[in-house]
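Please look over the sequence and structure below, with attention to the ligand surroundings and the nonpolar cores.

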Amino acid sequence: MAENAVGIIGTGHVGVAAAYALFQRQIAGRLILLDADRHRAEGEAMDLMHGQALVGRVSVRAGDYQDLAGCRVVVVCAGVGQKPGESRLDLLNRNAAVFQEITVRLDRHVPDAVVVVATNPVDILTSVMQRLSTRSPERVIGTGTMLDTSRFRALLGEYYDVNPRSVHAYILGEHGDSEISVWSSATIGGLTLRDNEINGRPFDAAAMNEIFQRVRGAAQDIIRCKGYTNTAIGLVIAYLVRVILEDQKSVLAVSVDPGGRYSLSGLCLSIPCVVGAGGVEATVPTGLSAEEREGLSASAAVLRNSLAGMTFGP
Ligand code: NAD
């Protein structure tokens, strides 16, 4: 399984949760952990390696950029964690400089990998990397609203008392306060939630709005309780890496430049995309209501404003 080599840059709470999920599910055959704090990466690599007897042979090593050569996917989780009360966009300036340096090094040492960006503000930093990298843009993917979509499906599954895997619904736009819930195409068993009673429950606008508010506020709620979020994003990263390694061509809400879809371009935000070995292979023209389209445009405007205020570049 050596061909399924995966690099993780930043082995803090998020990086280690991703490494654990990739290791435990044997998605990667070889994991290379890299952190500005080399001792931290070494400690995490040893700790994971010691589980091999229970999981199977997955090589885990701490390394440097040159050790990433041959990785098919590199995940970037390096950065500064969100503080209580701090918005994701407030993190922007603290992370952008770090990111510029990482982009240059990845281009030099692992030019063919698909890069998955998880560091916040994820949409902005995905845009930064796409603009600065010599890699083609479809090979730089932000996890975007994959986490929010997972939270949304989990809460809807709980409400309707069905397996969240049977809930088909998206959160799109910014991974942040301006994200939107797409009710027009949200379905369970082929039935739109808005127009049908499902499992004995009719659509309850107040309850649905509360679910969306819980999704949108989830990061802050978790950070208030435990100081950071990591386990669900770890699972999201592992899922996305598997989709790429196995060329699954799954439709996922990830952060990309829409390239004119929904009349949006020049910035990254989440829309449903076909993801495979080549990264983002196509965008999917999900039908949005007029209100949802407006919401997506408003979300894009928030991101465009942030990008306009930034100074980065070669
Ligand atoms: P953390 O502080 O625990 O870990 C960050 C790690 O990055 C540290 O170990 C640090 O040493 C390392 N680092 C910093 N600069 C580096 C560099 N230049 N090169 C290599 N390593 C470097 O933070 P965390 O809780 O793991 O969060 C990491 C990022 O993930 C944050 O930006 C956070 O907001 C984000 N996050 C994203 C999502 C999402 O859905 N995309 C969810 C949760 C957290």
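How many nonpolar, polar and charged residues does the shell around the ligand have, by class? The shell has eleven nonpolar, ten polar and two charged residues, where Ala, Val, Leu, Ile, Met, Phe, Trp, Tyr, Cys and Pro count as nonpolar, Asp, Glu, Lys and Arg as charged, and the others, Gly among them, as polar.

This is a predicted model, in which local features need pLDDT of at least 70 and side-chain atom pairs count only at pLDDT 80 or more, whereas totals for chains, interfaces and linings use all residues. Residues are numbered from 1 along each chain as its sequence is written, and side-chain values use heavy atoms, with hydrogens and water left out.

Of the 23 residues around the ligand (a heavy atom within 4 Å of it), H13, V14, D35, A118 and T229 come nearest. The table lists polar contacts of the ligand, that is, pairs of N or O atoms within 3.5 Å.

| Ligand atom | Protein N or O atom | Distance |
|---|---|---|
| oxygen | D35, side chain | 2.6 Å |
| oxygen | N120, backbone | 3.0 Å |
| nitrogen | T143, side chain | 3.2 Å |

Of the 870 Å² of accessible area that the ligand has on its own, the protein covers 86% (Shrake-Rupley method, 1.4 Å probe).

In the largest nonpolar core, which has 82 residues, L106 and V254 touch the most other members; such a core is a set of buried Ala, Val, Leu, Ile, Met, Phe, Trp, Tyr and Cys residues joined through side-chain atoms within 4.5 Å, buried meaning under 20% relative accessible area. Apart from this core lies another, of 18 residues, including L155, Y159, A169 and V215.

Notes:
Buried < 20%, exposed > 50% of the residue type's maximum accessible area, 1.4 Å probe, protein only. Polar contact = N/O pair within 3.5 Å; in protein donor to acceptor, adjacent residues only side chain to side chain.
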